[in-house]
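Biologist: Could you take me through this structure? I have not seen it before, and I would like to begin with a helix.

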Amino acid sequence: MAARRVLARALALSMLAASVAPLALGLSLSACSRPAPDATPEGAVRLWLEKMEASTEDPRAARDAYQLLGPRTRHNLEERAERASRAQGRRFEAHEMIAPGRFGMRFRPHAMTARIDGDTANVDVVGEAPEERATVPCVRVGAGWRIEVDLPPPPTPSRRPDGGL
């Protein structure tokens, strides 16, 4: 009889645990989750700067930095890669247009403040000295923010007067 009671109590406890476990798991996951680094314009800029600095030693970082760029900037780099591929006779990827070792920050960011207007934002980056200031345009893409680097348009290919003959 005592064994039956123990078994019944164990069964009741296991049923209670089974019904409470999904709720507890859901609460623990939501309490531990953090927003993605690019969930804010400031976070996207910070992450992009980190990746660009790392790209001098890690080629994968340039690929990661490229993923943080906005659609207009990516289109510009894709056009450049296509033209470079035609001119050089080998395939270039758009992230390869981010020249390794050519990136250098003029100053170390001390603070960042975003001014958000709908799906666009400008991140004001300031350094230690008063003249150390920059504004980084961003655009919301999906759930994250992307950097829109102000690049000049790709150069127009020149044509030879003889038509290339």
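Modeller: Helix α2 is a good place to begin, bearing in mind that this is a predicted model. Helix α2 has 14 residues and reaches 20 Å from its first C-alpha to its last, close to the 20 Å expected at 1.5 Å a residue.

Biologist: Which residues of α2 are buried?

Modeller: The buried residues are Pro-41, Gly-43, Ala-44, Val-45, Leu-47, Trp-48, Leu-49 and Met-52. They pack against α3, β1, β2, β3 and β4.

Biologist: Why do residues a few places apart in a helix point the same way?

Modeller: An α-helix has 3.6 residues a turn, so residues three or four places apart share a direction.

Biologist: Let me step back. How many helices and strands does the protein have?

Modeller: There are 4 helices and 4 strands. Along the sequence the pattern reads α-α-α-α-β-β-β-β.

Biologist: And how are the strands arranged?

Modeller: The 4 strands form an open sheet in the order β1-β2-β3-β4, with antiparallel pairing. Strands β1 (111-117) and β4 stand at the edges with a single partner strand each, so one side of each has no neighbour in the sheet. On average, neighbouring strands of this sheet are turned by 30° against each other, direction ignored.

Biologist: Where does α2 sit relative to that sheet?

Modeller: Helix α2 (residues 41-54) packs on the sheet and touches β1, β2 (120-126), β3 and β4. The direction of α2 makes about 130° with that of β1.

Biologist: How many bridges join β1 to β2?

Modeller: There are 7 bridges between β1 and β2, which run antiparallel. One of the bridge pairs is Asp-117 with Thr-120 in β2. The two strands form a hairpin with 2 residues between them, and Gly-118 in the turn has a positive phi of about 70°.

Biologist: What about β3 and β4?

Modeller: Strand β3 (residues 133-141) pairs with β4 in the antiparallel sense over 4 bridges. There, Val-139 has Arg-146 in β4 as its bridge partner.

Biologist: I noticed a cysteine, Cys-138. Where does it lie?

Modeller: Cys-138 lies in strand β3.

Biologist: Is Cys-138 buried or exposed?

Modeller: Cys-138 is buried, because its relative accessible area is 4%, and buried means under 20%.

Biologist: What is Cys-138 in contact with, neighbours within four places in sequence aside?

Modeller: Its contacts include Pro-41 and Val-45, both of which are among the buried residues of α2. Cys-138 also contacts Thr-120, Ala-121 and Val-123, and further on Trp-145, Arg-146 and Ile-147, among others. Another contact is Asp-119, which is 19 residues away along the chain, with 8.5 Å between the C-alpha atoms.

Biologist: Arg-133 caught my eye too. Where is it placed?

Modeller: Arg-133 is also in strand β3. Arg-133 counts as exposed because its relative accessibility is 54%, and the cut-off for exposed is over 50%.

Biologist: Which residues does Arg-133 touch, leaving aside those within four places in sequence?

Modeller: Arg-133 is in contact with Arg-106, Phe-107, Val-125 and Val-126. Arg-108 is 25 residues from Arg-133 in sequence and 10.0 Å from it in space, C-alpha to C-alpha.

Biologist: Changing topic, what can you say about α4?

Modeller: Helix α4 (residues 71-88) has 18 residues and reaches 25 Å from its first C-alpha to its last, close to the 26 Å expected at 1.5 Å a residue. Its buried residues are Thr-73, Asn-76, Leu-77, Ala-81, Ala-84 and Ser-85. What covers them includes α3 (59-67) and β4 (144-147). Just after α4, Gly-89 takes a positive phi of about 75°.

Biologist: What share of the whole protein is buried?

Modeller: Of the 165 residues, 26% count as buried. The accessible surface comes to about 11900 Å², and 57% of that belongs to carbon and sulfur atoms.

Biologist: What is the mean pLDDT of the protein?

Modeller: The mean pLDDT is 79, and 72% of the residues reach 70 or more.

Biologist: Where does pLDDT stay under 50?

Modeller: Such stretches include residues 2-8, for which the model has 0 contacts beyond four places in sequence. Residues 10-30 likewise stay under 50, with 0 contacts beyond four places in sequence. Where pLDDT is low, the predicted coordinates should not be read in detail.

Definitions and conventions
Residues numbered from 1 in each chain as written. Predicted model: local features only at pLDDT ≥ 70, side-chain atom pairs only at ≥ 80, totals over all residues. Heavy atoms only, no water. Buried < 20%, exposed > 50% of the residue type's maximum accessible area, 1.4 Å probe, protein only. Areas by Shrake-Rupley, 256 points an atom, 1.4 Å probe, with all protein chains shown as cover. Expected span 1.5 Å × (residues − 1). Contact = heavy atoms within 4.5 Å. Pairing = 2+ DSSP bridges. Axes fitted to C-alpha atoms, helices over the stretch in contact; angles between N-to-C directions. pLDDT = per-residue confidence, 0-100.
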